[in-house]
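Biologist: I'd like to talk this model through before I go back to the bench. Could you take my questions one at a time?

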Amino acid sequence: MTSATSSFETPSPREEASALAEISQETLALTGRLFIQLQRRPSTLVAGVLQPLIWLVLFGALFAKAPAGLLPGGESYGRFLGAGVIVFTAFSGALNAGLPVMFDREFGFLNRLLVAPLRSRSSIVFASVLYITVISLIQSVAIMATAALLGYGWPGGAGLLLVLITLLLLVFAVTGLSLGLAFALPGHIELIAVIFVANLPLLFASTALAPLSFMPSWLAWLASINPLTLAIEPIRAAYAGHASLTAIVLEAPYGSLTTGTCLAVLAGLAAGLFLLIRPLLDRKLS
C-alpha cells in the first residue's frame, strides 16, 4: 500500500528558489506602488530634503563665527553639525515608515492585500523597509552633497561605506519600531502624535547639535545611550578620516566607545526590534 505524500516534506532547492523569486517579485511590486504614490506627491520627498538642508545652512551660518577651538578637535560647527543632520534626516524618514501602512489599514487596502494570493505576506513589510531605506539614503546623500558644497568635507571611500552601513542599521531599527506602532496603535492620529513627541527630544538628547562636554551630567548620560548618538559619532569619525572599527568615537560617562561597538549596538537594536514586533506582525497579517 502506497503511503500518501506528507505535506511536511522538505521543499526542494528548486521550490525554494521559486518561492524566493515570487516573494521578491511581490516585494518589488508593492515597493513600486509606494514609489508611484511618491511620484503623485513629490512634495513629500522635496520637503524631506529641504527641511534638513535649511537646518544645515542656517545653523552652520548661526555659529560660523564661533571661537576657534570651541568644539573638540577645533572643527567648524558646520562640519560638526553635518553628521547630526544626516542622521536625523534618516531617523525622521524611518520613523514615518509606518504611516503608509497605517493609511492602508484605515482605507481598507491592507485588507485587500491580506486576501490576495500572495506567496508571503511578509512582502508587505519588506516593501515598506525597502522603500524607506531608498528614500532615506536619497535624502542623506543630498545632505552630504550640500555639506560638501558648503565646504564641510566629504568622507573618503572607506568613510562613505561606514556612513552608509551606519545609516542602514539605524533605518532598519527605526523602521521596525515604526511598523510595530503602525499595527499596534488605533489610527494615524496617534501615530503622528508619537512621531512628533519622539522627534525633537531624541534630537536634543543626542550629540547632533552639541558634544557631550557641553551638557549637564544627566543629559550627557541620556545622550550617550541615545541610538542617534551611536549613529552620529561613527559618521563624524568617518568625516574626520577615522573609518577604523577600533577607533574611539565617543567618550561616554560610562566608558569609551569604538566605531565597532556603536555599530554592534545599532545592529542588535535593529534585530531586537524586528524580533519584538514579529509576533504582532504575524498576528495582524495572518
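Modeller: Sure. Helices (H or I, at least four residues) and strands (E, at least two) are DSSP runs, numbered from the N terminus. This is a predicted model, where local features need pLDDT of at least 70, side-chain atom pairs count only at pLDDT 80 or more, and totals for chains, interfaces and linings use all residues. Residues are numbered from 1 along each chain as its sequence is written, and side-chain values use heavy atoms, with hydrogens and water left out.

Biologist: In what order do the elements of the protein chain run from the N terminus on?

Modeller: There are 11 helices and 2 strands to place. Reading from the N terminus, the order is α-α-α-α-α-α-α-α-α-α-β-β-α.

Biologist: Which element has the highest mean pLDDT?

Modeller: pLDDT is the predictor's confidence in each residue, from 0 to 100, and the chain's mean is 84. Among the elements, α5 has the lowest mean, 78, while the highest, 94, belongs to α9.

Biologist: And over which residues does pLDDT stay under 50?

Modeller: Where pLDDT is low, the predicted coordinates should not be read in detail. The stretch you're after has 0 contacts (heavy atoms within 4.5 Å) beyond four places in sequence, and covers residues 1-8.

Biologist: How wide is the arc that holds the buried residues of α9?

Modeller: Buried means under 20% relative accessible area, exposed over 50%, partly exposed in between (1.4 Å probe, protein chains only). In α9 (residues 217-224), the buried ones are Leu 219, Ala 220, Ala 223 and Ser 224. They line one face of the helix, because the directions from the helix axis to their C-beta atoms fall within an arc of 135 degrees.

Biologist: What does the cover over those buried residues include?

Modeller: Part of it is a helix and part is a strand. The cover includes α10 (227-239) and β1 (248-252).

Biologist: Which helix gives the most to the lining of the second largest cavity?

Modeller: On a 1 Å grid over the protein atoms alone, a cavity is a set of points where a 1.4 Å probe fits but cannot get out; lining residues have an atom within 4 Å of a point. The second largest one has a volume of about 30 Å³, and its lining includes Arg 79, Tyr 152 and Tyr 239. With 4 residues, the top contributor is α3 (residues 77-95).

Biologist: What is the volume of the largest cavity?

Modeller: Leu 30, Pro 100 and Ile 124 are among the residues lining the largest cavity. α1, α4, α5 and α6 each give two or more residues to that lining. Its volume is about 100 Å³.

Note on methods. 1 Å grid on protein atoms, 1.4 Å probe; cavity = no way out; pocket = protein on both sides within 12 Å on 5 of 7 lines; lining within 4 Å. Points joined across faces, edges and corners; volume = space filled by probe spheres on them.
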